[in-house]
Amino acid sequence: MNLLKYLLVGFFFGIVLTKAEAVSWYRIYEMFQFQSFHMYGIIMTAIATGLIGVQIIKRKKLKDFDGNPIYIQDKEKGNARYWIGGILFGLGWAMVGACPGPIFILFGAGFMSFGLILIGAILGTFLYGVFKDRLPH
């Protein structure tokens with residue numbers, strides 16, 4: 001039953017991203033060419049929603065479903081790793097035309113070429129797990 005709720009949330013997320021055209025290669029291309037505000041609007045809405053949600057959690061000291069306090073760790077000093085990670089993420093997004101969430105959505109929608117991209121993403125995640133102790137954190 002636990003798996004079912006995650007599956008339903010995933011389907012809902014996929015439908016929302018598809019209807020918002022956030023999985024459209026054309027929309028992503030427009031974004032990277034600075035030709036349209038569409039994707040930037042979606043991203044800024046997500047950031048604003050996250051900021052508001054985190055502030056509500058912190059100020060009201062909300063608890064999770066099991067009654068445990070939700071702890072949000074403070075940011076670390078030095079942000080070079082975030083810049084490097086963001087640049088790599090952006091380059092990958094620009095090269096394949098999709099970030100990780102839409103890869104699943106596009107593959108599920110029948111764009112079989114994204115199966116290869118999905119395999120690459122899974123392989124990259126696996127390799128990170130193998131080498132993470134040797135990487136600068």
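# Notebook: a six-helix chain

**Entry 1, overall layout.** I started with contacts: among those in the protein chain with a separation of 6 or more, 29% join residues 24 or more positions apart. Note to self: this is a predicted model. I then looked up the secondary structure and got six helices and zero strands. Read along the sequence, the pattern is α-α-α-α-α-α. For dimensions, the C-alpha trace spans about 45 × 35 × 35 Å along its principal axes. How much of the chain is buried? Of the 137 residues, 15% are.

**Entry 2, salt bridges.** I ran the search over the whole structure and it came back with two salt bridges. Arg27 is a partner in one with Glu21, where the closest N and O atoms sit 2.7 Å apart. Arg27 also forms a salt bridge with Glu30, this time with the closest N and O atoms 3.2 Å apart. So I have Glu21, Arg27 and Glu30 linked in a network of salt bridges. As background, side chains of opposite charge can pair when their charged atoms come close.

Where do Arg27 and Glu30 lie? Both are in helix H2, three residues apart, which is about one turn of the helix. Glu21 is placed elsewhere, in the loop between helix H1 (2-19) and H2. I checked accessibility too. Is Glu30 buried or exposed? Glu30 comes out at a relative accessible area of 10%, so I log it as buried, the cut-off being under 20%. Glu21 has 36%, which makes it partly exposed.

**Entry 3, positive phi.** I went through the backbone for odd phi values, keeping in mind that most residues other than glycine have a negative phi. Glu21 turned up again, with phi near 65 degrees, a positive value in a residue that is not glycine. Lys61 was another hit: its phi is positive, about 50 degrees, and it is not a glycine either.

Where is Lys61? I found Lys61 in the loop between H3 and helix H4 (80-96). Lys61 has 66% relative accessibility, and because the cut-off for exposed is over 50%, I put it down as exposed. Glu21, for its part, is a loop residue and partly exposed.

**Entry 4, Ser36.** Next I looked at the loop between helix H2 (25-32) and helix H3 (38-60), which holds Ser36. Which backbone atom does the Ser36 side chain reach? It is the backbone nitrogen of His38, at 3.2 Å. Leaving out residues up to four places away in sequence, I get Arg27 and Glu30 as the residues that Ser36 touches. That ties the loop back to my second entry, since Arg27 and Glu30 form a salt bridge. Ser36 has a relative accessible area of 19%; buried means under 20%, so Ser36 makes the cut.

**Entry 5, a pocket.** Last, I opened the second largest pocket, with a volume of about 330 Å³. Which lining residues are closest to its centre? Out of 17 that line this pocket, they are Phe13, Leu17, Ala22, Ile42 and Ala46. The elements that give two or more residues to this lining are H1 and H3. I also sorted the lining by residue class: 17 nonpolar, no polar and no charged.

Notes. Residues are numbered from 1 along each chain as its sequence is written. This is a predicted model: local features need pLDDT of at least 70, side-chain atom pairs count only at pLDDT 80 or more; totals for chains, interfaces and linings use all residues. Side-chain values use heavy atoms; hydrogens and water are left out. Buried means under 20% relative accessible area, exposed over 50%, partly exposed in between (1.4 Å probe, protein chains only). A polar contact is a pair of N or O atoms within 3.5 Å; within protein, one must be able to donate a hydrogen and the other to accept it, and residues adjacent in sequence count only if both atoms are side-chain atoms. Contact means heavy atoms within 4.5 Å. A salt bridge is a side-chain nitrogen of Lys or Arg within 4 Å of a carboxyl oxygen of Asp or Glu. On a 1 Å grid over the protein atoms alone, a cavity is a set of points where a 1.4 Å probe fits but cannot get out, and a pocket is an open set with protein on both sides within 12 Å along at least five of seven lines; lining residues have an atom within 4 Å of a point. Grid points are joined across faces, edges and corners, and a volume is the space filled by probe spheres set on the points. Ala, Val, Leu, Ile, Met, Phe, Trp, Tyr, Cys and Pro count as nonpolar, Asp, Glu, Lys and Arg as charged, and the others, Gly among them, as polar.
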